[in-house]
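Biologist: Please take a close look at the salt bridges of this model, and set them against the fold as a whole. A connected account would suit me better than a list.

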Amino acid sequence: MDTMRDRFISTTSRLLDEQSRLAVVLADISTDGFASARRAHPDRVINVGIREQLLVGAGAGLALAGMRPVVHTFASFLVERPFEQVKLDFGHQGIGGVLVSAGGSYDWPAGGFTHMAPGDVALLDTLDGWTVHVPGHPDEAEALLRDAVAGDDRVYVRLSLQANSEARPVSGTDGFTVVREGRRGTVIAVGPMLDNVLAATEGLDLTVLYATTVRPFDAAGVRRAAGATTAADVVLVEPYLAGTSATAAGEALVDRPHRVLGLGVGRAELRRYGRMTEHLRAHGLDPVGLRERITGFLRP
């Protein structure tokens with residue numbers, strides 16, 4: 001199976017052939033993958049080098065000129081480092097574009113903390129008007145990317161090396177999908193966390209919702225799921241900073257008694273970088289860790 005990043009490169013390269021208003025802006029990352037597309041469209045595949053503020057500013061400038069920019073690099077260099085440009089050049093000016101990240105929270109631990117961005121979605125959450133997609137499979141990444149490119153709004157697509165074993169039908173306008181129904185509570189699995197959540201909740205009387213578009217947050221879907229259970233208890237399992245969507249879940253249930261548990265990447269920096277699977281285990285996001293915390297929270 002190809003990775004989400006591989007699929008992003010191949011899909012975007014085809015879209016460049018099909019859509020004359022599309023442009024790709026890079027900052028050295030993934031330039032090899034876009035080499036053929038750059039030869040075919042030298043005026044619409046632009047590498048600004050390791051200048052992430054310029055990366056975002058150039059994308060915004062293309063949008064102002066009527067283009068649909070796809071801006072790409074690692075999440076830490078796309079959201080965190082040039083955050084002022086994301087805030088002002090896109091948000092303040094009221095223009096649209098597609099930011100596509102790689103690296104996620106801990107995809108390349110050997111790269112060190114500079115290449116980890118567990119706070120990216122929480123940081124974007126401080127801005128208005130962003131749609132956030134978190135696919136869990138390369139097929140889903142392609143579908144969500146195509147939806148994003150076809151629009152005119154501001155979209156963040158968060159790619160990861162971690163992926164579920166199979167794809168599910170998704171679109172940018174979908175709410176959360178019911179994967180399993182139960183009576184004792186609701187677990188929301190975001191993107192590549194679904195397989196681990198399904199393994200962790202096997203045999204438990206719980207509803208499992210699958211989320212690949214997390215902003216806007218599907219409040220109505222959470223309310224429906226919680227209304228079908230004996231208690232409005234919700235567990236969020238996110239592949240980024242723990243509790244990122246806890247406020248949104250709480251607001252969805254504000255008129256009824258409820259409890260919300262946010263599971264995800266902890267705030268403490270893990271300085272022994274190891275491998276991605278070790279980071280999952282250290283943050284309690286493997287099936288064993290998830291089951292222990294979910295059952296502990298929902299136990300009467």
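Modeller: This is a predicted model, and the overall dimensions come before the close look. For 300 residues, a compact globule would have a radius of gyration near 19 Å, and the protein, at 19 Å, agrees with that. Along the principal axes, the C-alpha trace spans about 60 × 40 × 35 Å. The secondary structure consists of twelve helices and twelve strands. Of the 300 residues, 55% are buried. Among contacts between residues at least 6 apart in sequence, 74% join residues at least 24 apart. The protein exposes about 12,500 Å², and carbon and sulfur atoms supply 51% of this area.

Now the charges. The protein has 31 positive and 36 negative charges, and the mean positions of the two sets are 3 Å apart. The structure holds 16 salt bridges, and three of them can be taken in turn, beginning with the pair at Asp2.

Asp2 and Arg7 meet through their side chains in a salt bridge, with 2.8 Å from N to O. Asp2 is partly exposed, since its relative accessible area is 27%, whereas Arg7 has 14% and is buried because the limit for that class is under 20%. The pair does not stand alone: Asp2 and Arg7 belong to a network of salt bridges that also links Arg14, Asp139, Glu142 and Arg146.

The next pair is Asp125 with Arg215, whose closest N and O atoms are 2.8 Å apart in a salt bridge. Asp125 sits in the loop between helix 6 (120–124) and strand 5 (130–133), and Arg215 is in strand 10 (residues 213–215), so this bridge ties together parts that are 90 residues apart in sequence. Asp125 is partly exposed at a relative accessible area of 36%. Arg215, at 8% relative accessibility, counts as buried.

The side chains of Arg223 and Asp255 also meet in a salt bridge, at 2.9 Å from N to O. Arg223 belongs to helix 9 (residues 219–227), while Asp255 is in the loop between helix 10 (246–252) and strand 12 (259–265); the pair therefore ties together parts that are 32 residues apart in sequence. Here the arginine is partly exposed, as Arg223 has 30% relative accessibility. Asp255 has 55% and counts as exposed, because that class begins over 50%.

For a view away from the charged pairs, consider Leu78. This residue is found in helix 4 (residues 75–80). Leu78 is buried, its relative accessible area being 0%. What is Leu78 in contact with, leaving aside its neighbours within four places in sequence? The partners are Leu55, Val56, Val71, Thr73, Val86, Leu99, Val100, Ser101 and Tyr156. Leu78 can also be placed relative to Asp120: the two are 42 residues apart in sequence, and their C-alpha atoms are 8.9 Å apart in space.

To return to the salt bridges, the bridge from Asp125 to Arg215 joins a loop to a strand, and the bridge from Arg223 to Asp255 joins a helix to a loop. Asp2 and Arg7, by contrast, are described here through the network that includes Arg14 and Glu142.

Technical notes:
Residues are numbered from 1 along each chain as its sequence is written. This is a predicted model: local features need pLDDT of at least 70, side-chain atom pairs count only at pLDDT 80 or more; totals for chains, interfaces and linings use all residues. Side-chain values use heavy atoms; hydrogens and water are left out. Helices (H or I, at least four residues) and strands (E, at least two) are DSSP runs, numbered from the N terminus. Buried means under 20% relative accessible area, exposed over 50%, partly exposed in between (1.4 Å probe, protein chains only). Contact means heavy atoms within 4.5 Å. A salt bridge is a side-chain nitrogen of Lys or Arg within 4 Å of a carboxyl oxygen of Asp or Glu. The radius of gyration is taken over C-alpha atoms; the globule rule is 2.2 Å times the number of residues to the power 0.38. Accessible areas come from the Shrake-Rupley method with a 1.4 Å probe; for residues, only the protein chains shown count as cover. Lys and Arg count as positive and Asp and Glu as negative; His and the chain ends are not counted. The place of a charge is taken as NZ of Lys, CZ of Arg, CG of Asp or CD of Glu.
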